[in-house]
Amino acid sequence: MRYAPRALQSRHRLLPDGHIVVTGAAGDFAFFDREEFDQFRASPQRLDLRKQADLRARFLLTDGAMPKGMQRLLASRIAAKRETVTAGPSLHIIVPTLQCAHSCQYCQVSRALNDEGHTMSLSDLNAACDTILESKSDQLTVEFQGGDPLLRFDLVKHAILRIREGAAANRRIRFVVASTLHQLDDAMCAFFKEHSVYMSTSLDGPRALHNVNRPTPGRNAYERTLAGIQLAREKIGADAVAALMTTTKASLAFPEEIVDEYVRQGFREIFLRPLSSYGFAKRNQNLLGYSVQDFLNFYRRGLDRIMYWNQRGVELREVYASILLNKMLSTFDAGYVDLQSPTGAGSSVLVYNYDGFVYPSDEARMLAETEDRSLRMGRIGESLDKLLNSPVRQQLVEASDVRSMSDCRDCAYNLYCSPNPVDAQAQHGTMTIAAGATEHCQRHMALFDAMFSALRAADEDTSARMHDWAQVRGVYVDA
């Protein structure tokens, strides 16, 4: 007996270009014009046979009851999307010191070099390393944040050696040091090369913009950062250093120049990141802040410039687009914390702060610098099991479950996205505010709209590039 085709459970959204994207339970999607969409909902048998076959392959259409084999496949696809959260903490961030030589207006947390009491004790560092080794995840990334960790290279070195010595021989551990690189020297490079440590630095654009965004007493932050990049490439390895930028109000007028600077410096990735309104940055919103639309305009221009260089044979990948495309196009999630449901904060990521406490994300420890300590999970030294069962983590899970959030439950993007309870806490003083009221939701809805529209209209070369960008390339970490 042949059954009439019927639509499976799905969600839909009208894109700015007038087309409709329909998403299925496992994140598969299809585009429709208005007439096709009406047929899909009311009488899918009227659709073109090739369209029907395509929709069946995407778990959007079926004939009769779905076979058990297809049900198992669908369940495994959904599980794969959540694997980075269920596998346990795989990104561990150690903050050995808040001291930094920069005095950035938008910095969330850093302290001047002469400030005291902002460095982790050796006993806390040892306890943090031991907790990291309790993680069941097969692959670990251990990142050192600050301030500038290289100002306490002794602590960074001690932690790396302790973790190396305590780890099983076959365990894969990736170390990353996020630094200005101004203190980097030959001895540090030799140690980092021996232990396969990657460097992550900040480059906000050309000389004038970088020096405005990241001032130092000598007004030469740009020159010293480039010197550090060059030293790292020469002594550690050509691919041993990556760079990230932060979009300030001053950056908004220069997306093309920022992209061109990354091309000029030989980087193959650029992350066009918005300003995070945490810590000290939140106090300077009148001076530093800008609207979601301002960022989207900046981002679109920057992405167009990246495509310009790609079309001329220059390899340059935009990381933000890659994160979104990975969510849309790949079966396996890259593990970007802010777009996981439940949130990866406190589940796939833990932060061991200089103050002796554990936080669920880098942003959460930044909140503590402005007296909001509501997201402390526990003290360094407590067992990993106790931290993961803390009330704070449970609150984060509940506040980021798209199945229970009214704004997210029926959203077409709910398998790609998630509320960000840490961001909500920073912006509104509560984790339980409606997702649609947050900048996080507004920004990502617009970005997913843009990515789906671009994918629908893409020619063969652009489509191939977007699929290539979607491939998993490790855990994304910040500088």
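A cavity, in this talk, is a set of grid points where a 1.4 Å probe fits but cannot get out. Keep that in mind as we look at this structure. The model is a predicted one.

So, cavities. How many of 30 Å³ or more turn up in a search of the whole structure? The search finds three. Let me take the second largest. About 50 Å³ of space lies in it. Which residues line this second largest cavity? Start with Ala399 and Met405. Then come Pro419, Asn420, Pro421 and Ala424. Met431, Ile433, Ala435 and Thr438 complete the lining.

Next, the nonpolar cores. The largest one has 121 residues. Five residues have the most contacts inside this core: Leu184, Phe192, Met199, Tyr413 and Phe452. Look at Met199. Leaving aside residues up to four places away in sequence, Met199 touches Leu150, Val177, Leu181, Leu184 and Phe192, among others. Its contacts also include Ala232, Ile236, Ala240, Val241 and Ala242. Apart from the largest core lies another, of 10 residues. Ile20, Val22, Phe32 and Leu60 are among them.

Now a helix. Helix α6 runs over residues 153-166, so to speak from Phe153 onward. It has 14 residues. From first C-alpha to last, α6 reaches 20 Å, close to the 20 Å expected at 1.5 Å a residue. Which residues of α6 are buried? They are Phe153, Leu155, Val156, Ala159, Ile160 and Ile163. Why do these sit on the same side of α6? Because they cover an arc of only 165° around the axis. There is a general point behind this. An α-helix has 3.6 residues a turn, so residues three or four places apart point the same way. What do the buried residues of α6 pack against? Two helices are α5 (122-134) and α7 (186-194). The strands are β6 (91-94), β7 (139-144), β8 (172-178) and β9 (197-202).

Just before α6, stop at the loop between β7 and α6. Gly146 lies in this loop, and Gly147 does too. The peptide bond from Gly146 to Gly147 is cis, with omega near 15°. Is Gly146 buried or exposed? Its relative accessible area is 7%, so Gly146 is buried, the cut-off being under 20%. Gly146 and Lys235 are 89 residues apart in sequence. In space, they are 23 Å apart, C-alpha to C-alpha.

There is a cis bond at a proline, as well. It joins Ser341 and Pro342, and omega is about -5°. Pro342 lies in the loop between α14 (319-329) and β14 (349-352).

Why pick out such bonds? Most residues other than glycine have a negative phi, and most peptide bonds are trans.

On to phi, then. Arg219 is not a glycine, yet its phi is positive, near 55°. Arg219 lies in the loop between α8 (207-213) and α9 (221-235). With a relative accessible area of 72%, Arg219 is exposed. Glu371 has a positive phi too, of about 75°. Where is Glu371 found? In the loop between α15 (362-368) and β16 (378-379). Glu371 is exposed, at 55% relative accessible area.

One last residue: Gln39. Its place is in helix α1 (residues 34-42). At 12% relative accessibility, Gln39 counts as buried. Gln39 touches Pro44, Arg46 and Leu47, not counting residues up to four places away in sequence.

Key:
Residues numbered from 1 in each chain as written. Predicted model: local features only at pLDDT ≥ 70, side-chain atom pairs only at ≥ 80, totals over all residues. Heavy atoms only, no water. Core = buried A, V, L, I, M, F, W, Y, C linked by side-chain atoms within 4.5 Å. Buried < 20%, exposed > 50% of the residue type's maximum accessible area, 1.4 Å probe, protein only. Contact = heavy atoms within 4.5 Å. Helix = DSSP H or I, 4+ residues; strand = E, 2+ residues; numbered from the N terminus. Expected span 1.5 Å × (residues − 1). Arc of directions from axis to C-beta. 1 Å grid on protein atoms, 1.4 Å probe; cavity = no way out; pocket = protein on both sides within 12 Å on 5 of 7 lines; lining within 4 Å. Points joined across faces, edges and corners; volume = space filled by probe spheres on them.
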